[in-house]
Amino acid sequence: VQLQAFGGGLVQAGGSLRLSCAASGPSTSSNVMAWFRQAPGKEREFLQALSRSGLKYYEDPVKGRFSISRDNDKNTATLQMNNLQPEDTAVYYCAAGYSLVKWQSDYRSWGQGTLVTVSS
């Protein structure tokens, strides 16, 4: 499956952004869609994942400010980000896989990444 992420940009602290990820290809390859991010100089970290059936798995480095959703008919996933802070500045990646896990190696397909920059 191919993924395309979009929606990043520059936002002031306290603002919101909505990232979207469109998947093309067999829907079975995107049973789970997830979001990761990689801040400058840091390792890529898992944010949230959502299965086609609606099960969610998330770590919470963002303390409840982000929320994942998906539209199964359109095979898209969205990450709503609220109250953004400068430390949220990162490249955000969507990924697709079969299992509801946080391990990057379990995700077979990755989007190209979209940059989110939060100014103070």
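In this predicted model, the side chain of Arg37 reaches the side chain of Asp88 in a polar contact of 2.9 Å, and another polar contact, of 2.6 Å, links the side chain of Arg37 to that of Glu45. Arg37 is found in strand 4, and because its relative accessible area is 7%, which is under the 20% limit, Arg37 counts as buried. Once residues up to four places away in sequence are set aside, the residues that Arg37 touches include Glu43, Arg44, Leu47, Pro61 and Val62. Glu45 and Asp88, the partners in the polar contacts, are also on the list of residues touched by Arg37, as are Phe66 and Tyr92.

Phe66 and Tyr92 lead on to the nonpolar interior. In general, nonpolar side chains in soluble globular proteins tend to be buried together. Here the largest nonpolar core has 25 residues, and those with the most contacts inside it are Trp35, Phe66, Leu79, Met81 and Tyr92. Several strands each give two or more residues to this core, among them strand 1 (2–6), strand 4 (32–38), strand 5 (45–51), strand 7 (66–71), strand 8 (76–81) and strand 11 (114–119); strand 3 and strand 9 belong to this group as well. Apart from this core lies another one, of eight residues, which include Val32, Phe46, Ala49 and Tyr107.

What is Leu79 in contact with, leaving aside its neighbours within four places in sequence? Its contacts include Trp35, Phe66 and Tyr92, and these three are, like Leu79 itself, listed among the residues with the most contacts inside the largest core. Other contacts of Leu79 are with Leu17, Arg18 and Leu19, with Leu47 and Gln48, and with Ser67 and Ile68.

The next feature is a covalent link. A disulfide is, in general, a covalent bond between the sulfur atoms of two cysteines. The model has one disulfide, and it joins Cys21 to Cys94 with an S to S distance of 2.1 Å. Cys21 lies in strand 3 (residues 17–24) and Cys94 in strand 9 (residues 90–97), so this pair ties together parts of the chain that are 73 residues apart in sequence. The link of Cys21 and Cys94 is right-handed, with 65° about the S-S bond. Are the two cysteines buried or exposed? Cys21 has a relative accessibility of 1% and therefore counts as buried, and Cys94, also at 1%, counts as buried too.

Besides Cys94, and leaving aside neighbours within four places in sequence, Cys21 is in contact with Leu3, Gln4 and Ala5, with Met33 and Trp35, and with Asn75, Thr76 and Ala77. By contrast, the C-alpha atoms of Cys21 and Thr89, which are 68 residues apart along the chain, are separated by 18 Å.

Asn75, one of the contacts of Cys21, also has a notable backbone angle. Most residues other than glycine have a negative phi. The phi of Asn75, however, has a positive value, and the phi of Asn83 is likewise positive. The table sets out these two residues.

| Residue | Phi | Place | Relative accessible area |
|---|---|---|---|
| Asn75 | near 55° | loop between strand 7 and strand 8 | 8%, buried |
| Asn83 | near 50° | loop between strand 8 and strand 9 | 40%, partly exposed |

Asn75 thus counts as buried because its relative accessibility is 8%, under the 20% limit, whereas Asn83, at 40%, is partly exposed.

Terms used: Residues are numbered from 1 along each chain as its sequence is written. This is a predicted model: local features need pLDDT of at least 70, side-chain atom pairs count only at pLDDT 80 or more; totals for chains, interfaces and linings use all residues. Side-chain values use heavy atoms; hydrogens and water are left out. A disulfide is a pair of cysteine sulfur atoms within 2.5 Å. Helices (H or I, at least four residues) and strands (E, at least two) are DSSP runs, numbered from the N terminus. Buried means under 20% relative accessible area, exposed over 50%, partly exposed in between (1.4 Å probe, protein chains only). A nonpolar core is a set of buried Ala, Val, Leu, Ile, Met, Phe, Trp, Tyr and Cys residues joined through side-chain atoms within 4.5 Å. Contact means heavy atoms within 4.5 Å. A polar contact is a pair of N or O atoms within 3.5 Å; within protein, one must be able to donate a hydrogen and the other to accept it, and residues adjacent in sequence count only if both atoms are side-chain atoms.
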